[in-house]
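Me: I have a new structure open and want to learn how to read the site around its ligand. Can you take me through it step by step?

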Amino acid sequence: MVIPMLRFLKLCSLLVLLACLPACQTQPTDDALYHELGGMEGITRITDNFIYEIGFDKNIVRHFEETDLDRFREKFIEQVCELSGGPCRYSGDSMVDVHTNMNITEAEFNQTVDLLIAAMNRSGIAHPTQNKLLALLAPTRPDIIYQ
Ligand code: HEM
């Protein structure tokens with residue numbers, strides 16, 4: 001009697017886990033992070049500082065030689081706005097489609113994250129807030145790094 005009961009409970013936890021998977025991603029359920037980042041004004045400032053930082057990094061900027069920076073700026077702002085719970089919908093291409101064939105290494109990915117951190121520091125974003133945004137961007141890692 002105890003063993004079938006245990007099996008039943010195990011199955012229940014598995015079902016709960018599976019049902020929860022999409023919702024359990026680190027997506028916020030409110031717009032608190034969006035406001036902590038300073039809303040559209042703050043996210044725009046972070047993005048502009050990010051582009052500025054990229055411009056000074058010889059190894060990273062070479063990937064952007066052919067890029068329409070206005071589009072990159074617009075799509076990055078949208079992405080951060082949506083991820084942080086703001087009133088935007090990301091209308092850009094998927095992270096896989098955009099970054100495939102760029103042969104981005106793990107070191108380049110980490111370096112780009114460091115540039116984003118520098119941009120957030122320059123924008124006066126508190127470290128706990130920075131970490132919340134970085135946690136939301138972390139799942140993009142396998143889509144961006146060259147396998
Ligand atoms: C946290 C990691 C990253 C995020 C969230 C991110 C996000 C984005 C977004 C939203 C776009 C615009 C997509 C569109 O135009 O539809 C984009 C484009 C681009 N990303 Fe990333 N990216 C990341 C990491 C990187 C890294 C590590 C590199 C290179 C070292 C890189 C290089 C590029 C380039 C060159 C483009 C422009 C592509 C083009 O010219 O069409 N990204 N990225």
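**Reading the ligand site**

Reply: Gladly. Keep in mind that this is a predicted model. A polar side-chain atom of Arg 71 lies 2.7 Å from an oxygen atom of the ligand. Start there.

Me: Which other residues come nearest to the ligand?

Reply: Begin with the shell, then pick out its closest members. Here 23 residues surround the ligand, and Thr 67, Arg 71, Asp 93, His 99 and Thr 112 come nearest.

Me: How do I read a polar contact? Which part of Thr 67 and which part of Asp 93 face an oxygen atom of the ligand?

Reply: Look for N or O atoms paired within 3.5 Å. Then ask whether the side chain or the backbone supplies the protein atom. Thr 67 uses a polar side-chain atom, 2.9 Å from a ligand oxygen. Asp 93 uses a backbone N or O atom, at 2.8 Å from a ligand oxygen.

Me: What is the protein donor of the iron atom?

Reply: For a metal, look for the donor atom. The ligand's iron atom has one protein donor only: NE2 of His 99, at 2.1 Å. His 99 lies in helix 6.

Me: Which helices supply at least two residues of the shell?

Reply: Map the shell onto the helices. Helix 5 (69–83), helix 6 (95–99) and helix 7 (106–122) each do. Helix 5 gives the largest share, 5 residues.

Me: How do the shell residues divide by type?

Reply: Sort them into classes. The shell has 12 nonpolar, 7 polar and 4 charged residues.

Me: Where does the ligand sit among the pockets?

Reply: Match the ligand to the open spaces. The ligand takes up the largest pocket.

Notes:
Residues are numbered from 1 along each chain as its sequence is written. This is a predicted model: local features need pLDDT of at least 70, side-chain atom pairs count only at pLDDT 80 or more; totals for chains, interfaces and linings use all residues. Side-chain values use heavy atoms; hydrogens and water are left out. A residue is near a molecule or strand if one of its heavy atoms lies within 4 Å of it. A polar contact is a pair of N or O atoms within 3.5 Å; within protein, one must be able to donate a hydrogen and the other to accept it, and residues adjacent in sequence count only if both atoms are side-chain atoms. On a 1 Å grid over the protein atoms alone, a cavity is a set of points where a 1.4 Å probe fits but cannot get out, and a pocket is an open set with protein on both sides within 12 Å along at least five of seven lines; lining residues have an atom within 4 Å of a point. A molecule sits in a cavity or pocket if more than half of its atoms lie within 2 Å of its grid points. Helices (H or I, at least four residues) and strands (E, at least two) are DSSP runs, numbered from the N terminus. Ala, Val, Leu, Ile, Met, Phe, Trp, Tyr, Cys and Pro count as nonpolar, Asp, Glu, Lys and Arg as charged, and the others, Gly among them, as polar. Donors are N, O and S atoms within 2.8 Å of the metal (3.2 Å for Na, K and Ca); water is not among the atoms, so sites may look incomplete.
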